[in-house]
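Student: Please take me through one part closely: the charged side chains. Say where they sit, how they pair, and what lies around them.

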Amino acid sequence: MTNYITRISNILLLVSFFGSSYTQSQPEPNYVATDEASTILSEVEPRDSTPELEFRYHDHDQMTRYLRAVSARYPALTALYSIGKSVQGRDLWVMVVSVSPYEHMIGKPDVKYVANIHGNEAVGRELLLHLIQYLVTSYDTDPYIKWLLDNTRIHLMPSMNPDGFAISKEGQCDTVFGRYNARRYDLNRNFPDYFKPNTKQPQSETEAVKEWISKIQFVVSGSLHGGALVASYPFDNTPSARICRSSVLCSVFQNYAHSPSIAPDDDVFRHLALVYSKNHAKMSRGVSCKTGSQRFENGITNGAAWYPLTGGMQDYNYLWHGCMEVTLEISCCKYPPAHELAKYWLDNKESLIKYLAEAHRGAHGFVMDENGNPVERASIRVKGRDVTYHTTKYGEFWRILLPGTYKLDVTAEGYLPQEVEFIVIDSHPTLLNVTLHSAKGYVPPIRSSSRKHGRGKSTTTTDATTYRENAFVFPED
């Protein structure tokens, strides 16, 4: 315990994300070549024989061979694991790219991209393979990539729907053939939904993703799609079919189709969407995919304002697990000819990189008790934002916020609540560490309120409970 406290104390001295890369073991399931986890960068031979990756479409076996080859070639920067199987038994591969591929780096965020959730939307699948190649080959020569991999664990899933991709056809831009999984389910309508009951039968692919993101606390995520050119942000759905748990949250909604469905972090989601769109070669210009089709100002849209849907993955990430996900529509044609892939890579490369770096924006830190032990599942809520995040088992939290002054309410069972005021600036994240004190033996004072309700009746409340009213807490599965 002394060593643990010492290590945590060292981390608390960090004032920016250029600090140490101390890691705490937390391997993901089903790693490939785990015996190489202890390899260090200085022991790796010069990287001059990267597995070849052409600008063409790769079927599942070809993709698997490529991922295995990269993992074997770059054991200090990559780790390959499967989160489960598709309906037809294909692995749902994830490649981690980081200086700590096998271990969570305490105090540093995990981020992810998921592509090919619709099997016939194939561009994102290939772009993630090229992103993997670019990251591992640029680590030694590009200071920005080195910083990103030194301070972030990047998880890349090229295909969430390999069965749908297997029957899709190159050159088909607008058909739905191959969109669904092998049981004919749309996987982006198959997640639990906060606003409306989702009666669709859960599929193996979505169950695997749900388990995956319940085990790793991702901070930011992107879901790569095709068929439009826009970054779409939460909420995808509206609360018209149910009573919201929070009156504050529900008050900002309108209950008719194609109106914006506003999340508590709407400003941050708009910013994230703009980061992708403005770093893209065309997206921010609001290019229309075809004559008469919808144009999007600055290349972004609120999901429900575009079209409402139930059971989407981005709302699930945010509402269940505090992961800020944006849906990235990156090609007008869903499955364009392979000779166009190089163009799509050039259009999206900068966006793909800069978007993930946004995980370092805002505030991050640790919640610990008075003895320096981490407090797991402490509730983190920014005042004025009716949404609650939670700390990891190491007491970590991340809160992406734009520049400004904020107040943070921190609570945990058995501890006195703590309120902290802090400032976020644009140039670097704010390190925010909070100590909670045990509530054992403590009796909170009762404070009378002078507010009148109804016919002159007064109410009496306690400091320890009033701030919890109307909290919008991430649901449990």
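Tutor: Start with a cut-off. A residue is exposed when its relative accessible area is over 50%, buried when it is under 20%, and partly exposed in between. Keep in mind throughout that this is a predicted model.

Take Arg-184 as the test case. Arg-184 has a relative accessibility of 57%, so it counts as exposed. It lies in the loop between α5 (162–167) and α6 (204–215). Its backbone is worth a look too. Most residues other than glycine have a negative phi. The phi of Arg-184 is positive, near 70°.

Arg-377 shares that kind of backbone feature. Its phi is also positive, near 60°. It belongs to the loop between β12 (363–369) and β13. Here the accessible area is 45%, so Arg-377 is only partly exposed, short of the 50% mark.

Now the pairs. The whole structure holds 21 salt bridges. Three of them, and one network, will do here.

Begin with Glu-419 and Lys-383. Their closest N and O atoms are 2.5 Å apart, and they form a salt bridge. The bridge links distant parts of the chain: the partners are 36 residues apart. Glu-419 sits in strand β17 (residues 418–424), while Lys-383 sits in the loop between β13 (379–382) and β14 (389–390). How accessible are the two ends? Glu-419 has a relative accessible area of 42% and is partly exposed. Lys-383, at 40%, is partly exposed as well.

The strands named there belong to one sheet. Strands of a sheet pair through backbone hydrogen bonds. This sheet is open and has four strands, in the order β14-β13-β16-β17, paired antiparallel. β14 and β17 are its edge strands, each pairing on one side only. Glu-419 is therefore carried by an edge strand. On the other side, β13 and β14 run antiparallel and are joined by two bridges. Across that pairing, Ile-380 stands opposite Tyr-389 of β14.

Next, Glu-358 and Arg-361. They form a salt bridge with closest N and O atoms 2.6 Å apart. Are these two residues buried or exposed? Both are buried.

Then Asp-91 and Lys-85. Their salt bridge has 3.2 Å between the closest N and O atoms. The two ends fall into separate classes. Asp-91 is buried, because its relative accessible area of 18% is under 20%. Lys-85 reaches 43% and counts as partly exposed.

The strand that follows is worth a short stop. β4 covers residues 91–97, and Val-94 is in it. Val-94 is buried, with a relative accessible area of 0%. Which residues does Val-94 touch, beyond those up to four places away in sequence? They are Ala-79, Leu-80, Tyr-81, Ile-83, His-155, Leu-156, Met-157 and Trp-212. For Ile-83, the C-alpha atoms are 7.2 Å apart, across 11 residues of chain.

β4 also has a helix packed against it. The buried residues of α4 pack against β4, β5 (103–105), α3 (123–138), β7 (153–157) and α11 (341–357). The helix spans residues 143–151, and Trp-147, Leu-148 and Asp-150 are among its buried residues. A carboxylate residue marks its start: a side-chain oxygen of Asp-142 comes within 2.9 Å of the backbone nitrogen of Tyr-144.

Some charged groups join up beyond a single pair. Glu-121, Arg-179, Asp-186 and Arg-189 are linked in a salt-bridge network.

Finish with Glu-329. An unreviewed UniProt entry places the feature "active site" at this residue. Glu-329 is in strand β11 (residues 324–331). It is buried, at 7% relative accessible area. Its contacts, apart from neighbours within four places in sequence, include His-225, Gly-226, Met-283 and Trp-306. With Gly-226 there is a polar detail. The Glu-329 side chain reaches the Gly-226 backbone nitrogen at 3.4 Å.

Key. Residues are numbered from 1 along each chain as its sequence is written. This is a predicted model: local features need pLDDT of at least 70, side-chain atom pairs count only at pLDDT 80 or more; totals for chains, interfaces and linings use all residues. Side-chain values use heavy atoms; hydrogens and water are left out. A salt bridge is a side-chain nitrogen of Lys or Arg within 4 Å of a carboxyl oxygen of Asp or Glu. Buried means under 20% relative accessible area, exposed over 50%, partly exposed in between (1.4 Å probe, protein chains only). Contact means heavy atoms within 4.5 Å. A polar contact is a pair of N or O atoms within 3.5 Å; within protein, one must be able to donate a hydrogen and the other to accept it, and residues adjacent in sequence count only if both atoms are side-chain atoms. UniProt positions are given in the numbering used here, feature names are shortened, and annotations may be inferred rather than shown by experiment.
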